[in-house]
Amino acid sequence: MPKLNRITRTAGALLVGAALLAGCTKAAPASTTAPSAQDAKKDQPVQADPSLKPAVIASPEAPPRPPQGKTVEVRLTVEKRSLEVAPGWKREVWTYNGQVPGPTIRVNQGDTVKITLVNGDATSHSIDFHAARISPQAAFKSVDTGKDLTFEFKANDPGVFDYHCGTAPALMHIANGMFGAIIVDPAEGRSPAREYVLVQNEWYRDPMDLKDMEYGQPVAMAFNGIANQYVDKPLQARAGERVRLYVANPGPNRFSAFHVVGTIFDRLEEDGNPKNAAYGVQTYTVPPGGASLFETTIQEPGKYPVVTHSFADATLGALAVLEVTP
Ligand code: CU
Ligand code: CU
């Protein structure tokens, strides 16, 4: 079983490596604090039952924009799976459609979104869409094992929004992987760009330890469920190409100080709404329960670290690399 230190050291080394690749001279040092004997047990991340089916690896690429004026039907099945969220730590996760984050849903402003939630897990679950204006008592209610629930809403507000399980304790359901993002394209559309979706979250050591989620320290952090996954396999872009990042933060607790080392956001849209545009931004907060859209065009080829500038969290794995080629 891996120890906390091993995971943080690995992540720390990757952070240093990524920062050096980008030409930084300083990076956050890896944690070197050894756990005391009494803390040793608490530092053991809890491993998944080996018989659990492995989760599907979520894609960082944004799905294509669908044709306008349709009812978009989405079926999401809740299932328990295992996912190697950090080296050596195969963790139990609660998923939508077998993946963490759940599938990125994409619709147009004005479309009707029809959601069917199917509960294939042994405990109750639900789904809460931040993109909806709807009575939560009816649409976001808990669904028992083996049951399903269908509801619909009109996606009238353009943007990028979180969705997540809201079944009590929601903290635990979100901390165990039940979240994803929905993109609502503005009716007028957007300019062409290379588009990625990055969902930042925390992983706590024991899926059932609510106290640790309330007061504790995450063991790992991630973009799209797996710590540092885009350090080894960087996201790709061409020099001079517009890159659009949809960044969601289901948390459940940490704010993201979203930043790309070596560039500036030409434009961002808070919540992905074109009316909330800002220009020339270095770092921008994505709060738990929030999401925003970031655009940058990089001219010089290189490896550009994508981080939360809360470096303790980047060191735990909320770190990616955007590789820009000529
Ligand atoms: Cu749930
Ligand atoms: Cu919420």
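Reader: Where is the place of H173?
Author: This is a predicted model: local features need pLDDT of at least 70, side-chain atom pairs count only at pLDDT 80 or more, totals for chains, interfaces and linings use all residues, and side-chain values use heavy atoms, with hydrogens and water left out. Residues are numbered from 1 along each chain as its sequence is written, while chains are lettered from A and ligands numbered from 1 in the order in which they are written. Helices (H or I, at least four residues) and strands (E, at least two) are DSSP runs, numbered from the N terminus. H173 is found in helix α4.

Reader: Is H173 buried or exposed?
Author: Buried means under 20% relative accessible area, exposed means over 50%, and partly exposed is in between (1.4 Å probe, protein chains only). H173 has a relative accessible area of 3%. So H173 is buried.

Reader: Which residues does H173 touch, not counting those up to four places away in sequence?
Author: Contact means heavy atoms within 4.5 Å. By that test, H173 touches W94, S124, H125, C165, T167, A168 and M178.

Reader: Which atoms are the protein donors of the copper ion (ligand 1)?
Author: Donors are N, O and S atoms within 2.8 Å of the metal (3.2 Å for Na, K and Ca); water is not among the atoms, so sites may look incomplete. The protein donors here lie 2.0 to 2.5 Å from the copper ion (ligand 1). They are H125 (ND1), C165 (SG), H173 (ND1) and M178 (SD).

Reader: What is the arrangement of the 4 donor atoms around the copper ion (ligand 1)?
Author: Four donors count as tetrahedral if all angles lie between 85 and 135 degrees; four count as square planar and six as octahedral if opposite donors are over 155 degrees apart and all others between 65 and 115; anything else is irregular. The 4 donor atoms subtend angles of 86 to 138°. That makes the arrangement irregular.

Reader: What spacing do the donors of the copper ion (ligand 1) follow along the chain, and how far apart in sequence are the parts tied by H125 and C165?
Author: The spacing is H-x39-C-x7-H-x4-M. H125 lies in the loop between β6 (112–119) and β7 (128–129). C165 lies in the loop between β9 (159–164) and α4 (170–175). So the pair ties together parts that are apart in sequence by 40 residues.

Reader: Which residues coordinate the copper ion (ligand 2), and which parts do they come from?
Author: Two histidine NE2 atoms coordinate the copper ion (ligand 2), at 2.0 Å. The residues tie together parts that are 34 residues apart in sequence. They are H130, in the loop between β7 and α3 (136–139), and H164, in strand β9.

Reader: What is the relative accessibility of H130 and of H164?
Author: H130 is partly exposed, whereas H164 counts as buried. The values are 30% for H130 and 13% for H164.

Reader: How are the planes of Y284 and F294 set in their aromatic pair?
Author: Rings of Phe, Tyr and Trp (its six-membered ring) pair if their centres lie within 6.5 Å; planes under 30 degrees apart count as stacked, over 60 as edge-to-face and the rest as tilted. A search of the whole structure finds 10 aromatic pairs. Y284 and F294 form one at 6.2 Å centre to centre, with 70° between the planes. This pair is edge-to-face.

Reader: Which strands hold Y284 and F294?
Author: Both residues are buried. They are 10 residues apart, and the pair links distant parts of the chain. Y284 is in strand β18 (residues 283–286) and F294 in strand β19 (residues 290–297).

Reader: Which residues do ring pairs link into a cluster?
Author: The cluster includes both Phe and Tyr rings. Its members are Y96, F129, F140, F151, F153 and Y163.

Reader: Which strands stand at the edges of the open sheet of 6 strands?
Author: Two strands pair if DSSP finds at least two bridges between them. The order is β12-β11-β14-β19-β16-β17, with mixed pairing. Each edge strand has a single partner, so one side of each is left without a neighbour in the sheet. The edge strands are β12 (220–223) and β17 (277–281).

Reader: Which residue is the bridge partner of A248 in β19?
Author: Strand β14 (residues 242–251) and β19 pair in the antiparallel sense over 8 bridges. In β19, the partner of A248 is A291.

Reader: What is omega for the cis peptide bonds from V100 to P101 and between G251 and P252?
Author: P101 lies in the loop between β4 (99–100) and β5 (105–108). P252 lies in the loop between β14 and β15 (256–260). Omega is near -10° for V100 to P101, and for G251 and P252 about 15°.

Reader: What is phi of N224, which is not a glycine?
Author: N224 sits in the loop between β12 and α6 (229–232). N224 is buried, with a relative accessible area of 2%. Its phi is positive, about 60°.
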